[in-house]
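Colleague: I'm new to this one, so could you take me through a single part of it closely? I'd like to hear about the salt bridges, with a little background before that.

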Amino acid sequence: MDILNALVVFLNFVFVPGLAYGAQLALGALGVTLIYGILRFSNFAHGDTMAMGTMVTILFTWWFQSMGISFGPLPTALLALPFGIAITAAFVLGTDRVVYRFYRKQKAAPTILVIVSLGVMFVMNGIVRLIIGVGDQEFADGARFMVTAAGFKKATGLDEGLAIKATQGITVITAVLVVAALFWFLQKTRTGKSMRAFSDNEDLALLSGINPDRVVAVTWVIAAALATIAGVLYGLDKSFKPFTYFQLLLPIFAAAIVGGLGNPLGAIAGGFVIAFSEVTVTYAWKKVVTYVVPDRMAPDTLLQLLSTDYKFAVSFSILILVLLFMPTGLFKGKSV
């Protein structure tokens, strides 16, 4: 039995990847839950908003790299990120003015807005694929690892090495800073309080003199920023492929619904619940178990419940269970 080596394997292949993936899903789910809580519809174009923001950031990253501009050990994409946020925010504000505003004035049912967002999703998906292509795009640079497996083995003398990618550390740190800034904005600023009031009771907020157009515009800008940041962090950690962001829509919505749709705190919790569920169910536990049981009891199989090809099935299953038995989610958000 070797508990320490088993713990290192667990950290290396389950906890650290799950933590980074959970942070990415949490940021994406925050954007979904803000749109639902304030504009009162499920924005199915959110995944492709992530793709568009990431695409713009990649294009600026390549431009900076071609001019020899870098960010030292950090990815150059972090320098390009503000440009990606700005252009994506301008695009979604334009989309709201051209598309969503009409249906909002008509007091269209949320179902109609969901269908409209599907149309917007297909348009955005087409634009992204047309500009950057359909294949994988690598844009990460800078230092690859914060902790290397060889360095960890040398320092500890263990058989297993812990490797933490720089992008994983950047993801977690960035997510903490962004979430802290968002909660400060919603709790302490006048605009943030207006958004919360508008979400709680739209008619009362309007009677109080809150400008609905301003609330809507700020909501779209924040959602675009969250989508771009989440998309760029996901792309740095893995790689960028437009269709992958379309697929991410399922775990992101699952995270938002599991936590409680319309509840920002629930979106964060739901992101980590979905991420660790996917990683735990699709990981092959043979190596961990081999370390913690006697040699005669070492397993012959991989001890993997599902292949990684079916990780989104985990999100879907959790989503169905929550919709059936707890439609308001863990943190009592709005019912779905």
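Modeller: Here is some background, followed by the salt bridges one at a time.

This is a predicted model, so local features need pLDDT of at least 70 and side-chain atom pairs count only at pLDDT 80 or more, while totals for chains, interfaces and linings use all residues. Residues are numbered from 1 along each chain as its sequence is written, and side-chain values use heavy atoms, with hydrogens and water left out.

The protein has 14 helices and 2 strands; these are DSSP runs, numbered from the N terminus, with H or I over at least four residues for a helix and E over at least two for a strand. Its radius of gyration is 21 Å, close to the 20 Å that the globule rule gives for 336 residues, so the protein is as compact as a globular protein of that length. That radius is taken over C-alpha atoms, and the rule is 2.2 Å times the number of residues to the power 0.38. Of the 336 residues, 49% are buried, where buried means under 20% relative accessible area, exposed means over 50%, and partly exposed is in between (1.4 Å probe, protein chains only).

Now for the charges. There are 24 positive and 17 negative side chains, and the centres of the two sets lie 9 Å apart. Lys and Arg count as positive, Asp and Glu as negative, and His and the chain ends are left uncounted; each charge is placed at NZ of Lys, CZ of Arg, CG of Asp or CD of Glu.

The structure holds 5 salt bridges, a salt bridge being a side-chain nitrogen of Lys or Arg within 4 Å of a carboxyl oxygen of Asp or Glu. One of them pairs Arg40 with Glu202, with the closest N and O atoms 3.6 Å apart. This pair ties together distant parts of the chain, 162 residues apart: Arg40 sits in the loop between helix H1 (3–39) and helix H2 (46–66), and Glu202 is in helix H8 (residues 202–207). Arg40 counts as partly exposed at 27% relative accessibility, and Glu202 is also partly exposed, at 26%.

Next, look at Asp96 and Arg104, whose side chains meet at 2.7 Å, N to O. Here Asp96 is buried, with 7% relative accessibility, whereas Arg104 is partly exposed at 27%.

Lastly, find Lys238 and Asp237, which form a salt bridge with the closest N and O atoms 3.0 Å apart. Salt bridges with shared partners join Lys165, Asp237 and Lys238 into one network. Within it, Asp237 is buried at 8% relative accessibility, while Lys238 is partly exposed at 33%.
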